[in-house]
Amino acid sequence: LATKFRFRMGEGPNSTGASRYRIVRTVEDSLRRLGTDRIDLYQIHMQDIETPEEETLRALDDLVHAGKVLYLGASNYAAYRLTDSQWISKTEHLHRFVALQMQYSLMVRDLEREHVPLCQKFGLGILPWSPLAAGFLSGKYARNQPPPPGVRLEKWKERFAAYDSERGWRTLDAVNAIAEEKETTAAAVSLAWLLAKPAVSSVIFGARSVEQLDDNLKAADVKLSAEDVKRLDDASAFELGYPYNFIANIQKRW
């Protein structure tokens with residue numbers, strides 16, 4: 001059982017301990033609605049710059065000690081804030097985040113600049129959301145063609161425009177080619193690429209039909225070789241920016 005804390009801790013009067021109380025109260029309300037006595041993985045939906053990280057962590061630590069939560073996770077955190085969080089947990093002897101839920105896919109690889117190395121260093125498991133880039137990597141889309149009727153990217157025009165690029169179609173071509181070679185689906189290959197990545201523990205996908213669910217579940221049986229992963233890496237290569245490209249040119253990694 002996993003849940004995410006979506007209450008904005010910075011709302012309302014910010015007296016000492018107020019946010020801490022709201023987190024505990026929200027968990028107790030969730031447990032009551034769910035009809036259970038504990039949550040296996042409890043995730044903060046987003047960092048709150050209005051609330052000190054230590055206050056958030058102390059509230060979460062209270063929940064773990066009370067047996068209401070087993071493990072803690074973060075989501076939509078900047079790398080600097082997540083590093084600060086890990087340091088506070090260590091120095092203050094508090095339970096720390098062990099999972100990080102973030103957007104990650106062949107089309108959105110920004111995490112590789114800072115978050116992936118950070119998670120490897122501190123032992124956090126990454127749980128990618130939108131692993132198929134809102135369906136773009138599912139195999140439904142074709143170059144120089146509008147989105148099929150009824151799909152999400154038909155309505156999300158700005159997001160489709162971001163993927164409708166040479167990089168996007170080059171990536172999709174590589175995904176489709178490997179899917180054909182392995183006699184599987186584009187969705188399965190795209191998810192298998194994520195599962196082959198360092199620090200990724202699992203993926204979070206949505207399915208609106210049994211057919212979509214079956215396509216996605218095939219990823220568990222897809223075995224990508226190192227060469228397959230490199231083909232997908234190269235096809236979806238993105239601009240690292242400074243200082244990452246500077247370091248990578250010298251040491252090949254950062």
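A residue counts as buried when its relative accessible area is under 20%. In this predicted model, both phenylalanine 136 and tyrosine 141 meet that criterion and are buried. The two rings form an aromatic pair. Their centres lie 5.7 Å apart, and their planes differ by 35°, so the pair is classed as tilted, a class that lies between stacked (under 30 degrees) and edge-to-face (over 60). Eight aromatic pairs occur in the structure. Phe136 and Tyr141 also belong to one aromatic cluster, together with Phe160, Tyr163 and Trp169.

A helix pair was examined next. Two packed helices are described by the angle between their axes and the distance between the axes. Helix H7 spans residues 166-181, and helix H10 spans residues 226-235. They pack at an angle of about 160°. Their axes are 8 Å apart. Angles over 145 degrees count as roughly antiparallel, and H7 and H10 are therefore roughly antiparallel to each other. Their crossing is right-handed. On the H7 side, the contact is made by Arg167, Arg170, Thr171, Ala174, Val175, Ala177, Ile178 and Glu181. H10 contributes Asp228, Arg231, Leu232, Asp234 and Ala235. By class, the residues of this contact comprise six nonpolar, one polar and six charged.

Burial within H10 was also assessed. Asp228, Val229, Leu232, Asp233 and Ala235 of H10 are buried. The buried residues of H10 pack against two helices, H7 and H8 (186-195). Asp228, Leu232 and Ala235 are among the buried residues of H10, and these three also take part in the contact with H7.

Technical notes: Residues are numbered from 1 along each chain as its sequence is written. This is a predicted model: local features need pLDDT of at least 70, side-chain atom pairs count only at pLDDT 80 or more; totals for chains, interfaces and linings use all residues. Side-chain values use heavy atoms; hydrogens and water are left out. Axes are lines fitted to C-alpha atoms, for helices over the stretch in contact, and angles run from 0 to 180 degrees between N-to-C directions. Helices (H or I, at least four residues) and strands (E, at least two) are DSSP runs, numbered from the N terminus. Angles under 35 degrees count as roughly parallel, over 145 as roughly antiparallel, 65 to 115 as roughly perpendicular and the rest as oblique. A crossing is left-handed if the near helix is turned anticlockwise from the far one by less than a right angle, and right-handed if clockwise. Contact means heavy atoms within 4.5 Å. Ala, Val, Leu, Ile, Met, Phe, Trp, Tyr, Cys and Pro count as nonpolar, Asp, Glu, Lys and Arg as charged, and the others, Gly among them, as polar. Rings of Phe, Tyr and Trp (its six-membered ring) pair if their centres lie within 6.5 Å; planes under 30 degrees apart count as stacked, over 60 as edge-to-face and the rest as tilted. Buried means under 20% relative accessible area, exposed over 50%, partly exposed in between (1.4 Å probe, protein chains only).
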